[in-house]
Amino acid sequence: MTEILDGKALALQIKEEIANEVRQLVAADHRAPHLAAVIVGEDGASMTYVANKEKSSHEVGFTSSVYRLPEKISERELLETIQFLNNDPDIDGFIVQLPLPKHINEQRVINAISPDKDVDGFTPVNIGRMVLGEDCFVPATPMGICTLLKRYGIETAGKHCVVIGRSNIVGTPVANLLSRKGFDCTVTMCHSRTRNLAELTRQADILVVAIGKPEFITADMVKPDAVLVDVGIHRVPDASKKNGYRVIGDVKHSEVDSKCSWVTPVPGGVGPLTIVSLLQNTLKAYHKSHE
Ligand code: NAD
């Protein structure tokens, strides 16, 4: 029987745990943790992501602020904002919503974020620490995937985990984390140049899919009783829905799910854990700054 890795329910539970901790801090006359977000321009998806992060911050009792900057802002002005946030002692962590407009060098902006406030875990310092197994801020989506597997008690040691996708924010870090002590998977990483993809995916005890292609993974690509983690998020038009669209993943769930032992649904799987991981990282940054 297929069981659900219910990210929505788990996210609610972890948010309650964070909210309890924040209530105790505030009751003891400490200030609440503060998460800030920088958004450049008015891209619809980015504005939705930032609004969700703001809402979740408020739900757990964090202070939240959003720096909305015009599309035409120069790189120098954006870097000045980053310096301001780096130096503000009342801000524990901040994120710069990506993508940035084309005239801005994204990596230069990420590099300017203080590693101590880099709650997205995107700076070279935090990525280096992660690869070395040192204490660090782990990128939110891979961290959310690890939390799901851990909290649901999924057996990982010695399992063959196939990760599809090698992006810096999902595939590469999740492959690294699952191969390390604590998870102990044997990891195969696949990408757009991988040959015979289905032959590899059919060997996966745990299949993590972060391709960015709607319903790409079909039943013939999945081993019976595999654990399936679908990271993909796509909005497709659907006239039967009030908002005119529905959200689907990188996996064709209608045919794949019944074959698996555990599955993350889309929506309600990895997505809610991504935001929760950002909140967890912010709380960690808060505690570090109060050490
Ligand atoms: P990306 O476009 O940066 O990377 C996609 C990866 O897939 C690349 O490494 C590429 O090599 C690989 N790929 C592409 N076509 C392939 C093919 N035919 N065979 C094998 N590999 C192939 O994407 P990303 O930023 O890693 O995001 C992946 C998906 O996850 C997207 O749908 C994105 O929207 C979603 N996402 C979800 C969350 C969440 O919170 N749930 C967070 C981040 C991204």
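Two residues are in contact when they have heavy atoms within 4.5 Å of each other. Several statements below rest on that idea. The structure described here is a predicted model.

## Alanine 285 and its surroundings

Alanine 285 is part of helix H10, which covers residues 270-289. Leaving out residues up to four places away in sequence, alanine 285 touches Asp92, Asp116, Val119 and Phe137. One of these, aspartate 116, is 169 residues from alanine 285 along the chain, yet their C-alpha atoms are separated by 6.7 Å. Is alanine 285 buried or exposed? Its relative accessible area is 3%, and the cut-off for a buried residue is under 20%, so alanine 285 is buried.

## The chain as a whole

The chain has 291 residues, and a compact globule with that number would have a radius of gyration near 19 Å. The value for this chain is 19 Å, so the two agree. Along the principal axes, the C-alpha atoms fill a box of roughly 50 × 40 × 40 Å. The secondary structure consists of 10 helices and 11 strands.

Of the 291 residues, 51% are buried. The accessible surface of the chain is about 14200 Å², and carbon and sulfur atoms account for 52% of it. Among contacts with a separation of 6 or more, 71% are between residues 24 or more positions apart.

## Helix H3

Helix H3 runs through residues 75-87, which makes 13 residues. At 1.5 Å a residue, H3 should span 18 Å, and its end C-alpha atoms are 18 Å apart, so the expected span agrees with the model.

Which residues of H3 are buried? They are Glu75, Leu78, Thr81, Ile82, Leu85 and Asn86. Seen down the axis of H3, these buried residues fall within an arc of 140°, and therefore they line one face of the helix. On the face turned away from the buried side are the exposed residues Arg76 and Asn87. The buried residues of H3 pack against three strands and a helix: strand S2 (34-40), strand S3 (63-69), strand S4 (93-96) and helix H4 (106-112).

## Helices H7 and H6

Helix H7, residues 171-179, is mostly covered, with 7 of its 9 residues buried. The buried residues are Gly171, Pro173, Val174, Ala175, Asn176, Leu177 and Leu178. They pack against helix H5 (124-132), helix H6 (140-151), strand S5 (160-164), strand S6 (186-190) and strand S7 (206-209).

Leucine 149 lies in helix H6. At 1% relative accessibility, leucine 149 counts as buried. Apart from residues up to four places away in sequence, leucine 149 touches Ile154, Leu178, Phe183, Val227 and Val229. Leu178 is also among the buried residues of H7. Phenylalanine 183 is 34 residues from leucine 149 in sequence, and the two C-alpha atoms are 9.2 Å apart.

## Cysteines

How many disulfides are found in the whole structure? The search finds 0. Cysteine 136 is in no disulfide, and the nearest cysteine sulfur, in cysteine 146, is 11 Å away. For cysteine 146, the closest cysteine sulfur is that of cysteine 185, at 9.1 Å. A disulfide requires the sulfur atoms to be within 2.5 Å, so the sulfur of cysteine 185 is too far away for a bond with cysteine 146. Cysteine 136 is buried, with a relative accessible area of 9%. Cysteine 146 also counts as buried, at 9% relative accessibility.

## Backbone details in loops

Two peptide bonds in the model are described here as cis. One joins leucine 98 and proline 99, with omega about 0°. Proline 99 lies in the loop between S4 and H4. Another cis peptide bond joins valine 266 and proline 267, again with omega about 0°. Proline 267 is placed in the loop between strand S11 (262-263) and H10.

Two aspartates with a positive phi are listed below.

| Residue | Phi | Loop | Relative accessible area |
|---|---|---|---|
| Aspartate 29 | near 70° | between helix H1 (7-27) and S2 | 72% |
| Aspartate 225 | near 70° | between S7 and strand S8 (227-230) | 57% |

Aspartate 29 has this positive phi although it is a residue other than glycine, and it is exposed. Aspartate 225 is likewise a residue other than glycine with a positive phi, and it counts as exposed.

Terms used: Residues numbered from 1 in each chain as written. Predicted model: local features only at pLDDT ≥ 70, side-chain atom pairs only at ≥ 80, totals over all residues. Heavy atoms only, no water. Helix = DSSP H or I, 4+ residues; strand = E, 2+ residues; numbered from the N terminus. Expected span 1.5 Å × (residues − 1). Buried < 20%, exposed > 50% of the residue type's maximum accessible area, 1.4 Å probe, protein only. Arc of directions from axis to C-beta. Rg over C-alpha atoms; globule rule 2.2 N^0.38 Å. Areas by Shrake-Rupley, 256 points an atom, 1.4 Å probe, with all protein chains shown as cover.
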